[in-house]
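Student: I have a structure to look through and I'm new to it. Could you walk me through some of its local features?

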Amino acid sequence: MEAVVFRGPNDFSLEEVETPKCPEKGVLIKVDAVGLCGSDIRTFSSGHKDVTPPHILGHEVAGEVVESDNANYPVGEKVVLNPLIKLCGECYFCKNGLKNHCSNKKVLGTEMPGGYAQYVALPEECCTDDGIVKAPEGFNLDLIPLAETLSSVYSTQEFANVKEGDIVVVIGAGPLGNLHSAVAKARGAKKVIISEPSESRLDMATRFTTTDDFVNPQYGDLHDFVMQETEGVGADVVITACPVGSVQVEATHLLKPRGKVILFGGLPKDNCHVAFDSNLIHYQELVLYGGYAYAPEVFAKAVELITSGQIDASQFVTHVIPLRDIKKGIDLVKTGEAIKVVLKPWE
């Protein structure tokens, strides 16, 4: 089969590799579509502590069961794979409602070969309702890979209790920022404001009807705009969907008393310290939330949001291209021309 093989930082290409066999009591999936994720792009350029080359990355996978030794997943079933493909169920985190922090989790494309390939083999231990979610008959599989990113966004807003009537500011108009906007509106937010300094990204974000106001901070003061829109009170929630420390600090100044900051965009490891005004947090009684991954059951919810049309995935998937053009896809993401790129291994 053809697969993109990662051999080290900035060393990856499409190669002919051996097609995996269907494991005992497992399944073999023919990959129809695989999302190009920003975390994989970082691994391609810098490596990853849990990835040992040579390795096949790719964790946003949708496809069809073509061989099965498992009665629960017959041949012909259209499925989408949860990247958190296996949790131990025994560690402190699994037993205490913190499954996304499982000490022994296996992630598709990290601890096991992923979906930048024509086939993916899943052993029996991964063939669970949490790991393999059945797709509705006839649904466009090009759209479902968005479910992995959506899962993290939904899980974080659930954790922070973004609720009906909230005024939400999202900083960053990439895929994550626009998804935060859509999820906030689906949860009943009264108004969503997006801030983005890139004109091309801001222009692309205008396709989303879930965002009420668009602000380019290069041409207008975001703080002034938020205070104007909230009659001087401040926002209920500010979500930082970009990897910029100064933006995280700025977010605390946009909130009303007892407002919430969601830190969703991770910072570079060598520059991950920020200087918050702790008196502002103290006297305004602000709350800071981190957002990281999701529990397995959230993934099925994300798939449902997409297949039911509550989240219009077609607005997010801007480019569908052959897997062999993965480097072009990476460039599209890096330049901001794409919101979401989906790769097709058989084209």
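**Backbone, rings and a helix contact**

Tutor: Let us begin with Arg258, which counts as exposed because its relative accessibility is 58%. Please keep in mind throughout that this is a predicted model.

Student: Okay, and where is Arg258 placed?

Tutor: Arg258 belongs to strand 14, which covers residues 255-263. Its backbone deserves a look as well, since Arg258 has a positive phi of about 65° although it is not a glycine.

Student: Why point that out?

Tutor: Because most residues other than glycine have a negative phi.

Student: What phi does Glu231 have?

Tutor: Glu231 also is not a glycine, and its phi is positive, at about 55°. This residue sits in the loop between helix 6 (222-229) and strand 13 (235-240).

Student: Is Glu231 buried or exposed?

Tutor: Glu231 is exposed, because its relative accessible area is 76% and the cut-off for exposed is over 50%.

Student: And how far apart are Glu231 and Glu285?

Tutor: In sequence, Glu231 and Glu285 are 54 residues apart, while in space their C-alpha atoms are 20 Å apart.

Student: Switching to peptide bonds: which kind joins Pro53 to Pro54, cis or trans?

Tutor: That peptide bond is cis, with omega near -5°, and Pro54 itself lies in the loop that runs between helix 1 (38-46) and strand 4 (60-68). For comparison, most peptide bonds are trans.

Student: New topic, aromatics. How many aromatic pairs are there?

Tutor: The structure holds eight aromatic pairs. One of them is formed by Tyr92 and Phe93, an edge-to-face pair with 5.5 Å from centre to centre and 85° between the planes. Of these two residues, Tyr92 is exposed, with a relative accessible area of 57%, whereas Phe93 counts as partly exposed at 28% relative accessibility.

Student: What about Phe159 and Tyr289, what makes that pair edge-to-face?

Tutor: The ring centres of Phe159 and Tyr289 are 5.0 Å apart and the planes stand at 90°, so the pair is edge-to-face. This pair links distant parts of the chain, since Phe159 is in helix 3 and Tyr289 is in strand 15 (residues 287-290), with the two positions 130 residues apart.

Student: Which of those counts as buried and which as exposed?

Tutor: Phe159 counts as exposed, at 55% relative accessibility, but Tyr289 counts as buried, because its value of 18% falls under the 20% cut-off.

Student: And which residues form an aromatic cluster?

Tutor: Phe6, Phe12, Phe44 and Tyr116 form one aromatic cluster.

Student: Back to helix 3, then. How does it cross helix 9?

Tutor: The axes of helix 3 (residues 146-160) and helix 9 (residues 296-307) come within 8 Å of each other and cross at roughly 115°, and the two helices are therefore roughly perpendicular. The crossing of helix 3 past helix 9 is right-handed.

Student: Which residues meet there?

Tutor: From helix 3, the residues in contact include Leu146, Leu150 and Tyr154, and from helix 9 they include Val298, Phe299 and Ile306. Taken together, the residues of the contact between helix 3 and helix 9 divide into ten nonpolar, two polar and two charged.

How values were computed: Residues numbered from 1 in each chain as written. Predicted model: local features only at pLDDT ≥ 70, side-chain atom pairs only at ≥ 80, totals over all residues. Heavy atoms only, no water. Axes fitted to C-alpha atoms, helices over the stretch in contact; angles between N-to-C directions. Helix = DSSP H or I, 4+ residues; strand = E, 2+ residues; numbered from the N terminus. Parallel < 35°, antiparallel > 145°, perpendicular 65-115°, else oblique. Left-handed = near helix turned anticlockwise from the far one by under 90°. Contact = heavy atoms within 4.5 Å. Nonpolar A, V, L, I, M, F, W, Y, C, P; charged D, E, K, R; others polar. Phe/Tyr/Trp six-rings, centres within 6.5 Å; stacked < 30°, edge-to-face > 60°. Buried < 20%, exposed > 50% of the residue type's maximum accessible area, 1.4 Å probe, protein only.
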